[in-house]
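This report describes one protein chain with a bound ligand. The sequence and the structure come first, and the description follows.

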Amino acid sequence: MKPALPDNYFTQKYALTAPHSEVFAALPSLSVGNALDLGCGNGRNTLLLNLKGFKVTAWDRNPRSLENLNRIIEAEQLTGIETQWVDLNNHRFNGNWDFILSTVVMMFLQPATIPQLIADMQASTRKNGHNLIVAAMDTPDYPSQPNFTFAFKSGELSHYYRNWHIVKYNENVGQLHRTDENGKRISQRFATLFAQKTFVKD
Ligand SMILES: C[S@@+](CC[C@H](N)C(=O)[O-])C[C@H]1O[C@@H](n2cnc3c(N)ncnc32)[C@H](O)[C@@H]1O
């Protein structure tokens, strides 16, 4: 049997940003199965989930990010990751996933996309499966960045999941990777939701 790779294996070897902390936080609650990574970027979360035994479908509309991820998949001869070019603003889907995640993506989508996207995520999650969403907010104390096309209002994301078992929800202040004119990382509230679908139909 091959020894298990450390969690930071891909991060270190390919100089990727570490997987999102909320993915690490979610792992103990998840049963290994199949996952859908919406707006996967370079694949930091996809690769971690695959390392943990998930079959992952990874979608993004940035061809360079997908190329980077595909290069890693090829170099490491990984099985169980399927990448696809998808524009989430124009993509309806259905399926049967155990875990659907979208970290720091929704703020780049069109506002009109969000209700249907979340409805598709919810309908495509298996009973007892989970959704994880982390996305920027627009609040009076921390207004959204001008180039974000969408930001959640207070209570908006949790309301979408009012019929689910909400394992975790907060609207904490976090920091963007981008910096202000003084080189200081910009603070922003993020809606963080980790929820379990405890029923068959929604
Ligand atoms: C800040 S990155 C986050 C990537 C990844 N989720 C992570 O946590 O590392 C935002 C990602 O959303 C993707 N994205 C933005 N708009 C999109 C769209 N309309 N359809 C699909 N992906 C999109 C970008 O290409 C980018 O990879």
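In which strand is N34 found? The model is predicted, and in it N34 belongs to strand β1, which covers residues 34-38. N34 has a relative accessible area of 18%; the cut-off for buried is under 20%, so N34 counts as buried. The side chain of N34 also has a polar partner: one of its polar atoms lies 3.1 Å from the backbone oxygen of N96.

**Strand β5 and its neighbours**

Strand β5 spans residues 125-136. Nine of its twelve residues are buried, so the strand is largely enclosed by the rest of the structure. β5 pairs with strand β4 and also with strand β8, in the parallel sense with β4 and in the antiparallel sense with β8. The table sets out the two pairings.

| Partner of β5 | Residues of partner | Sense | Bridges | Residues standing opposite |
|---|---|---|---|---|
| β4 | 97-103 | parallel | six | L101 and L132 |
| β8 | 185-196 | antiparallel | seven | A136 and F190 |

In the pairing with β4, it is L132 of β5 that stands opposite L101. The connection from β4 to β5 passes through helix α5, residues 113-123, and this β-α-β crossover is right-handed. In the pairing with β8, A136 of β5 stands opposite F190. As background for reading such pairs, side chains in a regular strand alternate between the two faces of the sheet.

**The ligand site**

Around the ligand there are 17 residues, of which G39, R44, D60, D87 and T103 come nearest. D60 also makes a polar contact through its side chain, where an N or O atom is 2.6 Å from an oxygen atom of the ligand. Backbone atoms take part as well: a polar backbone atom of R61 is 3.4 Å from a nitrogen atom of the ligand, and a polar backbone atom of V86 is likewise 3.4 Å from a ligand nitrogen. The ligand taken alone exposes 590 Å², and the protein buries 84% of that area.

**Annotated span**

An unreviewed UniProt entry lists residues 7-193 as "domain: Tellurite resistance methyltransferase TehB-like". In the model, this span is 26% helix and 30% strand, and the C-alpha atoms at its two ends lie 23 Å apart.

Terms used
Residues numbered from 1 in each chain as written. Predicted model: local features only at pLDDT ≥ 70, side-chain atom pairs only at ≥ 80, totals over all residues. Heavy atoms only, no water. Buried < 20%, exposed > 50% of the residue type's maximum accessible area, 1.4 Å probe, protein only. Helix = DSSP H or I, 4+ residues; strand = E, 2+ residues; numbered from the N terminus. Pairing = 2+ DSSP bridges. Right-handed = clockwise from strand over helix to strand, strands pointing away. Near = heavy atom within 4 Å. Polar contact = N/O pair within 3.5 Å; in protein donor to acceptor, adjacent residues only side chain to side chain. Areas by Shrake-Rupley, 256 points an atom, 1.4 Å probe, with all protein chains shown as cover. UniProt positions renumbered as here; feature names shortened; annotations may be inferred.
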